[in-house]
Amino acid sequence: MTEVGKTMSYVALKPCGCLAIAIVDNPAHAGDIAREIAKGIRQGYHFDRVPSQRVREMALLCALHRKEEVGG
């Protein structure tokens, strides 16, 4: 098991900026990760590899959709 602060994740955002996909980079599941990333790429997403802590701190919705969610 890896240390929480040291893990990395793959993320893909929608064109508006909302989080579309987040996958923890766990070497024990490399095949599953590759399959899911390939599926996302076929759907038109671009992935970045970032520290998992950054994903935890990210807004899941873009500013426009956050505003819509609260009824603004």
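**Note on the predicted model**

1. At 3% relative accessibility, S9 counts as buried, since the cut-off for that class is under 20% relative accessible area. The residue belongs to strand β1, and the model in which it is seen here is a predicted one, which should be kept in mind for every value that follows.

2. The surroundings of S9 can be described through its contacts: with residues up to four places away in sequence left out, S9 touches I23, V24, D25, D48, R49, V50, S52 and V55. With one of these, S52, there is also a polar contact between the two side chains, at 2.6 Å.

3. Seen from the other partner, S52 is part of helix α2, which runs over residues 52-57, and its relative accessible area of 4% makes S52 buried. Apart from neighbours within four places in sequence, S52 is in contact with T7, M8, S9 and V24. V24 is thus a contact of S52 and is likewise listed among the contacts of S9.

4. As to the overall arrangement, the chain holds three helices and three strands, and these follow one another along the sequence in the pattern β-β-α-β-α-α. Of the 72 residues, 24% count as buried. When contacts between residues at least 6 apart in sequence are considered, 58% of them join residues at least 24 apart. The area that the chain exposes comes to about 5,300 Å², with carbon and sulfur atoms supplying 56% of it.

5. Helix α1 takes in residues 30-42, 13 residues in all, and the distance from its first C-alpha to its last is 18 Å, close to the 18 Å expected at 1.5 Å a residue. Within α1, the residues I33, I37 and G40 are buried. They lie on the same side of α1 because the arc they cover around the axis is only 55°. The general background is that an α-helix has 3.6 residues a turn, so residues three or four places apart point the same way.

6. Which elements cover the buried residues of α1? The cover includes the strands β1 (8-13), β2 (19-24) and β3 (47-51). For I33 in particular, contacts other than those with neighbours within four places in sequence are made with Y10, I23, V24, D25 and N26. After α1 comes G44, a residue with a positive phi, near 100°.

7. The largest nonpolar core has seven residues, namely Y10, A12, I21, I23, I33, I37 and F47. Two or more residues of this core are given by each of β1, β2 and α1. In soluble globular proteins, nonpolar side chains tend to be buried together. Two of the buried residues of α1, I33 and I37, are members of this core, and I33 is in contact with the core members Y10 and I23.

8. A last point concerns H65, which lies in helix α3, residues 63-69. Is H65 buried, partly exposed or exposed? Its relative accessible area is 28%, and H65 is therefore partly exposed. Once residues up to four places away in sequence are set aside, H65 touches C16 and C18. The C-alpha atom of H65 is separated by 9.3 Å from that of G17, although the two residues are 48 residues apart along the chain.

Terms used: Residues numbered from 1 in each chain as written. Predicted model: local features only at pLDDT ≥ 70, side-chain atom pairs only at ≥ 80, totals over all residues. Heavy atoms only, no water. Helix = DSSP H or I, 4+ residues; strand = E, 2+ residues; numbered from the N terminus. Expected span 1.5 Å × (residues − 1). Buried < 20%, exposed > 50% of the residue type's maximum accessible area, 1.4 Å probe, protein only. Arc of directions from axis to C-beta. Contact = heavy atoms within 4.5 Å. Core = buried A, V, L, I, M, F, W, Y, C linked by side-chain atoms within 4.5 Å. Areas by Shrake-Rupley, 256 points an atom, 1.4 Å probe, with all protein chains shown as cover. Polar contact = N/O pair within 3.5 Å; in protein donor to acceptor, adjacent residues only side chain to side chain.
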